[in-house]
Amino acid sequence: MLPIRYVEPVFRPPSEAESLILPVTDGCSWNQCTFCEMYTAPQKRFRAREEEEVLESIRRVGAQYGSQVRRVFLADGDALVLPTRRLLAYLEAIRSHLPAVQRVSSYCLPRNLRKKSVDEIKALKEAGLSMAYVGAESGDDLVLEKVNKGETFDSTREALEKLGEAGITRSVMILNGLGGHAHWQQHAENSARLANATQPEFLSTLVVSFPMGEERFRADYPEWEPLDQLGLFREMERFLSLLQLKRTVFRSDHASNWLVLKGNLPTDQDKLLAQVRAALADPAHAPLRPAWARGL
């Protein structure tokens, strides 16, 4: 058993499946996005963990598994809310006690970089932080307002540009279907505009879903009507067709996605668009949504 205190449930990006999950905070410092259920449980109320607890966890993991750990993910929802000094102390401890680590990553809310300079972020990069997962959700200001994201196109763009300037790899996530029937087109178009403006190294999409029900989401967005399968494909086709990326790995292969899409942009853009258009033209042969997403 790992010598780390976990507060369930614990979340991490799919690509961090092989990583050591190291909690440096509990919960999310914003935690007001109405589409997100990850940190709504009472025990996940936001707080920064005591510095000594985190450092002791790193020391103890290092003593037991120091040569085995290759990747570390700083949990929970937004480790970069912490002061730069504290993050640097954690990164230095990882480097000292877990010498085999090749990558340290974290979720990142754009708002948490507003007070951090590019020089501070560069210092984090030099200390070992190499990747940040940014849930942009949408590039459309109206949609972002409707779901209480607390961000705008400009605030997300500025954060992604800071990370890029510092040399930190950026993985950006967009929520397919977040705009609903009324706003799907502007959601697709402005999300593509955000990606084009920032040129992230990784870009992915998930389908918005509500395993615990839609009540919280609809409280601030009562007019939202979900897109059906064809509507989601139509939005995806619009999004992909507008992307002008130079070197980005694209993934739409989460359990929530109806249609698995994987490729490198721009090399595979035409192939991906052909897949989506084939699904639009012949919906009878489109894959079924996963059972968990249908509430089964």
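**Figure 1. E137, a residue of strand β6, has a positive phi.** E137 lies in strand β6 of this predicted model. Its phi comes out at about 70°, even though E137 is not a glycine. Most residues other than glycine have a negative phi, and most peptide bonds are trans. E137 is also tucked away: with a relative accessibility of 5%, E137 counts as buried. Q199 is another non-glycine residue with a positive phi, here about 50°. For Q199 the setting is a loop, the one between α6 (180–198) and β8 (202–207).

**Figure 2. Two cis peptide bonds, one after β4 and one after β10.** The bond joining A75 and D76 is cis, with omega at about 5°. D76 sits in the loop that runs between β4 and α2. The other cis bond goes from L265 to P266, and its omega is near 10°. P266 belongs to the loop between β10 and α9 (269–281).

**Figure 3. Strand β10 alternates its side chains between two faces.** Look along residues 261–265: L261, G263 and L265 point to one face and are buried. K262 and N264 point to the other face, and neither of them is buried. Next door is strand β9 (residues 248–252), which runs antiparallel to β10 and is joined to it by 5 bridges. One pairing to pick out is V249, whose bridge partner in β10 is N264.

**Figure 4. Helix α2 and what its buried residues pack against.** The helix covers residues 84–97, 14 residues in total. From first C-alpha to last, α2 reaches 20 Å, close to the 20 Å expected at 1.5 Å a residue. Its buried residues are T84, L87, Y90, L91, A93 and I94. An α-helix has 3.6 residues a turn, so residues three or four places apart point the same way. The buried residues of α2 have plenty to pack against: strands β1 (20–23), β4 (71–75), β5 (103–107) and β6 (129–137), along with helices α1 (51–65) and α3 (118–127).

**Figure 5. E16, a buried glutamate in the segment before β1.** With a relative accessible area of 0%, E16 is buried. Its side chain makes a polar contact of 2.4 Å with the side chain of S19. Setting aside neighbours within four places in sequence, E16 is in contact with I21, F73, R103, S105 and Y133.

**Figure 6. R218 in helix α7, and its contact with W224.** Helix α7 spans residues 215–220, and R218 has its place there. R218 is partly exposed, with a relative accessible area of 27%. A polar atom of the R218 side chain lies 2.6 Å from the backbone oxygen of W224. Beyond its neighbours within four places in sequence, R218 is in contact with W224 and P226. As for A75, one of the residues in Figure 2, it is 143 residues from R218 in sequence and 28 Å from it in space, C-alpha to C-alpha.

**Figure 7. The protein chain as a backdrop to the close-ups, with 9 helices and 10 strands.** The radius of gyration is 19 Å, close to the 19 Å that the globule rule gives for 296 residues, so the chain is as compact as a globular protein of that length. Its C-alpha trace spans about 55 × 40 × 35 Å along the principal axes. Of the 296 residues, 52% count as buried. Among contacts with a separation of 6 or more, 80% come from residues 24 or more positions apart. Average pLDDT is 94, and 95% of the residues score at least 70. Residues 289–296 are a stretch to read with care: pLDDT stays under 50 there, and the model has 15 contacts beyond four places in sequence for them.

Key:
Residues numbered from 1 in each chain as written. Heavy atoms only, no water. pLDDT = per-residue confidence, 0-100. Contact = heavy atoms within 4.5 Å. Helix = DSSP H or I, 4+ residues; strand = E, 2+ residues; numbered from the N terminus. Expected span 1.5 Å × (residues − 1). Buried < 20%, exposed > 50% of the residue type's maximum accessible area, 1.4 Å probe, protein only. Pairing = 2+ DSSP bridges. Polar contact = N/O pair within 3.5 Å; in protein donor to acceptor, adjacent residues only side chain to side chain. Rg over C-alpha atoms; globule rule 2.2 N^0.38 Å.
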